[in-house]
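This report covers one residue and its contacts, then the nonpolar cores and the strand pairing. The sequence and the structure are shown here.

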Amino acid sequence: MKKRTAFGIIILLVLIILFLLGRDYYAHHHTPKGGQAQTNVSQEATGQGSQNSSDTQTDTQNQTVQNEQQTADAGTEQAKETALAHAGLTSENVTFIKAKKSKDDGKTEYEIEFVTADTKYDYEIDADTYKITDFESEPVEQVRRYETAQGIISPEAAKAAALAALNLQADSAVLVKIELDFDDGSYEYEAEYFADGVICSCEINAATGEVVKIERETVKG
């Protein structure tokens, strides 16, 4: 009887040990899943926080750029108004060819160019004080000094040749300059038009009406 009792106790102890080992095994192999899920949630939360921070930083940068652009636009508009007031004109009377901020010899200034039906105006305006530092104006048509020249086409014919070569229509392009000059023993017209933000220039043989050179310059600002 005592042997059976001792044997039973041994069996019970073995079962208890196996139970405890099994529980440890289960805990060891299954708990990390929950831990991993928790880790994933934590990582997702951290990632979301980083994304929100990045989005906020981007929004701030975009707002800063937008504010700087608005400030620049306001400065350009003030420079344009300064030039117009000096010329005694309003924006309805002119076509702006250039209105931009630039730096020259360490000084920041606005370059303002506009044209009416008969005059082209160029201004340089200090970006801090909005005082005019340089100013020029010239007639759009500069042909009178050679109007007695013989054997040349008229300014109107030169304009028509330029428009055709540039593939422009007179009602959609602004004449900036038409000038007759004597160069290398021959008369030559130089015609400039402004259309869709581009300055288009032509050199025209005044004797034949042939367009001998074309240049285009995109005006930024």
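Leaving aside residues up to four places away in sequence, threonine 76 touches Ala99 and Tyr110. The model is a predicted one. Threonine 76 is part of helix 1, which covers residues 2–87. Threonine 76 counts as buried because its relative accessibility is 14%, and buried means under 20%.

The largest nonpolar core has 28 residues. Ile97, Leu168, Tyr189, Tyr193 and Ile204 have the most contacts inside this core. Helix 2 (155–166), strand 6, strand 7 and strand 8 are the elements that give two or more residues to the largest core. Another core, of 14 residues, lies apart from the largest one, and Ala99, Tyr110, Tyr123 and Tyr130 are among its members. The two contacts of threonine 76, Ala99 and Tyr110, are thus named again among the residues of this second core. In soluble globular proteins, nonpolar side chains tend to be buried together.

Strands 6, 7 and 8 also pair with one another in sequence order, as the table sets out.

| Pair | Residues | Direction | Bridges |
|---|---|---|---|
| Strand 6 and strand 7 | 174–183 and 186–195 | antiparallel | 9 bridges |
| Strand 7 and strand 8 | 186–195 and 198–205 | antiparallel | 8 bridges |

In the pairing of strand 6 with strand 7, leucine 180 stands opposite tyrosine 189. These two strands form a hairpin with 2 residues between them, and aspartate 184 in the turn has a positive phi of about 55°. Further along, alanine 191 stands opposite cysteine 202 in strand 8. Strand 7 and strand 8 likewise form a hairpin with 2 residues between them; here aspartate 196 in the turn has a positive phi of about 55°.

Conventions:
Residues numbered from 1 in each chain as written. Predicted model: local features only at pLDDT ≥ 70, side-chain atom pairs only at ≥ 80, totals over all residues. Heavy atoms only, no water. Pairing = 2+ DSSP bridges. Helix = DSSP H or I, 4+ residues; strand = E, 2+ residues; numbered from the N terminus. Buried < 20%, exposed > 50% of the residue type's maximum accessible area, 1.4 Å probe, protein only. Contact = heavy atoms within 4.5 Å. Core = buried A, V, L, I, M, F, W, Y, C linked by side-chain atoms within 4.5 Å.
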